[in-house]
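Me: I have a model open and would like to walk through it with you. Shall we take it one question at a time?

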Amino acid sequence: MAATQIGWYGLGSMGLAMASNLQRHLAAKKALGLVYSNRTLSRGEPLRELGGVPEKTFGDVVQKSGIIFTMVSNDAVLKTLITSIVESGTPLAQKIFIDCSTVHPQTITSISAQLSAQSASFLCAPVFGGNPVAAAGKLVFALAGATPDVRENLIKPLIQDVMGRKVIDCGEDPARSSLLKIAGNIVTVSLMETVGEAQVFAEKTGLGTDAMEELITEAFGPIAGGYSKRLTTGAYAPPLTTRPGFGVSLSIKDAVHALDIAKEKGVELPSVELAKQNMSSARDYAGECLDSSSMYGILRQKAGLAFWNEKSRQGGQ
Ligand SMILES: NC(=O)c1ccc[n+]([C@@H]2O[C@H](COP(=O)([O-])OP(=O)(O)OC[C@H]3O[C@@H](n4cnc5c(N)ncnc54)[C@H](OP(=O)(O)O)[C@@H]3O)[C@@H](O)[C@H]2O)c1
């Protein structure tokens, strides 16, 4: 295991934090340093400082690694990466790919087929928890694909107590963990919508957002409390020079995946539909540099308040 080169592609809000924890673990074990790449390679500087080794392209990472993690924004990016590497003719036999992005189960099934046609393995390992949880190495992973032996003895040791606090084993079909992730997002986006509604209610009734936040945190737990903080700290609409914690378009993508699957199965998800509409309206109003909690701005507007609160940025797309 110590001799297997591990690679990483995708250093966004989540990927950089996760890869940094993996690199710290590898360094502590005196294993080979993580080889990594990213579309914007300069984002990997903190990882290089930890002992990671930059590579120019995804192809370079794949060529040099036996186990390759990916953490990218959406289905289209992941499909492009995998198709490009398959079509490049790089020998992929025996390589193990693990994708941690949130994508549709159909995307996972098609990628898995592409890679198994090359005699490579594919595991799907999406995560629950935002950037601070990723930085703390406390994510919850849903892991599926390959054999129980590969999952338990090869991949789980790279995740458990390294990048995550819990690995939920979803079996051999990689689409199962993707489906679990999409199902979990039903709770995520609905909870964000609900916390936003409660905070607008608190402001308009004079109850105050501080009291509401204290109650939300104490009575409904740190996750709901964290969602409230995204609103009260203004992180729902961060400065245009920064990257949002969880970009609004990524959350809309998650909601659309859940709604698509629900429709196919004859299930209604009214709270997800509402959250999606409010996130889309927020994006129309304030552009891409918004967090997934930015439905709050629209809820504020509907209540006669400004989209921006005193801690958020004050305008601009
Ligand atoms: N943020 C969260 O709270 C959270 C929680 C759980 C799951 N997720 C999921 O995790 C995944 C990553 O989320 P994130 O918040 O880390 O996203 P992010 O900060 O937007 O980062 C996206 C990553 O994808 C890369 N990328 C985007 N477009 C690309 C393209 N056309 N070609 C190559 N690379 C491209 C970005 O490269 P650049 O650096 O060059 O832009 C970056 O490495 C998403 O699927 C998201 O839904 C996010």
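Me: Which residues does the UniProt annotation "domain: 3-hydroxyisobutyrate dehydrogenase-like NAD-binding" cover?
Reply: Happy to help, and keep in mind that this is a predicted model. The annotation comes from an unreviewed UniProt entry. Over that span the chain is 73% helix and 0% strand, with the end C-alpha atoms 30 Å apart. The record gives residues 179-297.

Me: And which residues does UniProt list for "domain: 6-phosphogluconate dehydrogenase NADP-binding"?
Reply: This one, too, is from an unreviewed entry. Its span is 43% helix and 21% strand, and its end C-alpha atoms lie 25 Å apart. The residues listed are 5-168.

Me: How far apart are the centres of domain 1 and domain 2?
Reply: The protein chain is divided into domain 1 (6-172) and domain 2 (179-302). Taken over C-alpha atoms, their centres are separated by 27 Å.

Me: How many residues of domain 2 are in contact with domain 1?
Reply: Let's start from the side of domain 1, which contributes 13 residues to the contact. That side has six nonpolar, seven polar and no charged residues. On the side of domain 2, the number is eleven.

Me: Are α9 and α10 roughly parallel or roughly antiparallel to each other?
Reply: Helix α9 covers residues 209-220 and helix α10 covers residues 222-232. They pack with their axes 7 Å apart, at an angle of about 160 degrees. Angles over 145 degrees count as roughly antiparallel. The two helices, α9 and α10, are therefore roughly antiparallel.

Me: How many charged residues does the contact of α9 with α10 have?
Reply: From α9 come Thr-209, Glu-213, Ile-216, Thr-217 and Phe-220. They meet residues of α10 including Pro-222, Ser-228 and Lys-229. By class, the contact has four nonpolar and five polar residues, and the charged ones number two.

Me: Which helix supplies the largest share of the shell around the ligand?
Reply: Domain 1 and domain 2 each give at least three residues to this shell. Among the helices, α1 (13-28) and α11 (248-264) each supply at least two. The largest share, three residues, comes from α1.

Me: Of the 26 residues around the ligand, which come nearest?
Reply: The shell divides into eight nonpolar, 14 polar and four charged residues. Those that come nearest to the ligand are Gly-12, Met-14, Arg-39, Thr-40 and Phe-246.

Methods. Residues are numbered from 1 along each chain as its sequence is written. This is a predicted model: local features need pLDDT of at least 70, side-chain atom pairs count only at pLDDT 80 or more; totals for chains, interfaces and linings use all residues. A residue is near a molecule or strand if its C-beta atom, placed from the backbone, lies within 6 Å of it. Helices (H or I, at least four residues) and strands (E, at least two) are DSSP runs, numbered from the N terminus. Ala, Val, Leu, Ile, Met, Phe, Trp, Tyr, Cys and Pro count as nonpolar, Asp, Glu, Lys and Arg as charged, and the others, Gly among them, as polar. Domain bounds come from an automatic or database domain assignment. Two residues are in contact if their C-beta atoms, placed from the backbone, lie within 7 Å. UniProt positions are given in the numbering used here, feature names are shortened, and annotations may be inferred rather than shown by experiment. Axes are lines fitted to C-alpha atoms, for helices over the stretch in contact, and angles run from 0 to 180 degrees between N-to-C directions. Angles under 35 degrees count as roughly parallel, over 145 as roughly antiparallel, 65 to 115 as roughly perpendicular and the rest as oblique.
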